[in-house]
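Hi there,

Here is the structure I promised to pass on. Have a look at it first, and my notes follow below.

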Amino acid sequence: MEKYKEVERSIIKKYRKEIWSKFIVAINEYRLIEEGDKIAVCISGGKDSMLMAKCMQEIQRHGKMDFELEFLVMDPGYNPENRQRIIDNAEILNIPIKVFETDIFDVVATVDSSPCYLCARMRRGYLYKNAQELGCNKIALGHHFDDVIETTLMSMLYSGQFKNMMPKLHSTNYEGMELIRPLYMVKEADIIAWKNYNELQFIQCACRFTENCVLGDNGGGSKREEMKALIKKFRKTNSIMDMNLFRSIHNVNLDTVIEYKKNGETHHFLEDY
C-alpha cells in the first residue's frame, strides 16, 4: 500500500474517534462546507495544515456535497530546507499543492514593533488574494481545539476581554470570502499522535527568525506557549477542564454578564436592569 493511502486509512480507521469524527462534527455543526464551495486549503507545512488537507480530501471523496478544493502554499521567504520539506511531504501525501511566493519575511525583518502581528496580517491578506484569484470563496486554516482555548485564555489574561477564535468568519477586506477552521474540535495531542504513528516529519516553525524550531512539536517562549503550559496543568488537575473551557465559549449566559459588545456597540446590564 502506498504511503499516502496508509495515512488516509489511519485517519478514517485508527484515529476515527479522535480526528475524523471531530472533523465531521465541526464541518456539520458550524456549516463550514456548503454545496458549490471552492475552498483554498492553506498549507503552512506544519502537522496541522497537512492533516487538514488530508481530511478535506477525504470528505470531498466520500462526502455528500459537491465542492472544489485548491491546495495553496504561500512561501513567505522560507529557508531552502523548510520549502523542500513542504514540497516533499505534499508529494508523499498525494496533495497537489500550488506554491506562490511573497516577500513577507523581508518586510517583517525591517519592523521593530509587533512583527508577528504584521506577519500574520500579511499572510492572511496574501492567502485571501491568491485564493480569490483562483476563484475560491473560502480559505481553510489549520487551527485546532488547543488553539481555540489558548486564544480564549490569552484574551482574558492579557487583553482583559472574553474573545475567542471563531470557527468561521467573513472577510472584511475581500468581499464574498470566508475563513473556515475545519480542525476546530480536534485536539493537538491527537494530531501529534497521528503524525508519529505515520512516521511523518513536518516543519514546526516556518519563521526565518526562529530557526531553532525547524522540526518538533514545541516552540519558544511566547504567550501562547505560556497558555499551553497552563492548560497542561489544568489537564493534570482535571481531565475535562479543557473541554469545559471549550464549552464555555458555546454557553455564554448574558444574564450574568456586566458588559458586552455587539456589532461594535457596547451594552451594559443596567440598560435592562
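**Salt bridges and a helix crossing**

In this predicted model, the side chains of D242 and K187 form a salt bridge, with N to O at 3.0 Å. This pair links distant parts of the chain: D242 sits in helix α10 (residues 241-248), while K187 is in the loop between β6 (178-180) and α8, 55 residues apart. D242 is buried, with a relative accessible area of 3%, and K187 is buried too, at 19%.

There are 19 salt bridges in the structure, and two others are worth pointing out to you. D146 and R235 meet through their side chains at 2.9 Å, N to O. D146 belongs to helix α7 (residues 145-159) and R235 to helix α9 (residues 223-237), so this pair ties together parts that are 89 residues apart in sequence. D146 is buried at 4% relative accessible area, whereas R235 is partly exposed at 30%.

The salt bridge between E133 and K129 (2.9 Å, N to O) lies within helix α6 (residues 115-133), where the two residues are 4 apart, about one turn of the helix. Here E133 is exposed, at 55%, and K129 is partly exposed, at 38%.

You will also find a network of salt bridges that links K47, D48, D147, E150, E188, R224 and K228.

Now the helices. The axes of α3 (residues 47-62) and α8 (residues 188-197) come within 10 Å and cross at roughly 80 degrees, so α3 is roughly perpendicular to α8. K47, D48 and L51 of α3 meet E188, I191, I192, W194 and K195 of α8. That contact has 4 nonpolar, no polar and 4 charged residues.

Best wishes

Technical notes: Residues are numbered from 1 along each chain as its sequence is written. This is a predicted model: local features need pLDDT of at least 70, side-chain atom pairs count only at pLDDT 80 or more; totals for chains, interfaces and linings use all residues. Side-chain values use heavy atoms; hydrogens and water are left out. Axes are lines fitted to C-alpha atoms, for helices over the stretch in contact, and angles run from 0 to 180 degrees between N-to-C directions. Angles under 35 degrees count as roughly parallel, over 145 as roughly antiparallel, 65 to 115 as roughly perpendicular and the rest as oblique. Contact means heavy atoms within 4.5 Å. Ala, Val, Leu, Ile, Met, Phe, Trp, Tyr, Cys and Pro count as nonpolar, Asp, Glu, Lys and Arg as charged, and the others, Gly among them, as polar. A salt bridge is a side-chain nitrogen of Lys or Arg within 4 Å of a carboxyl oxygen of Asp or Glu. Buried means under 20% relative accessible area, exposed over 50%, partly exposed in between (1.4 Å probe, protein chains only).
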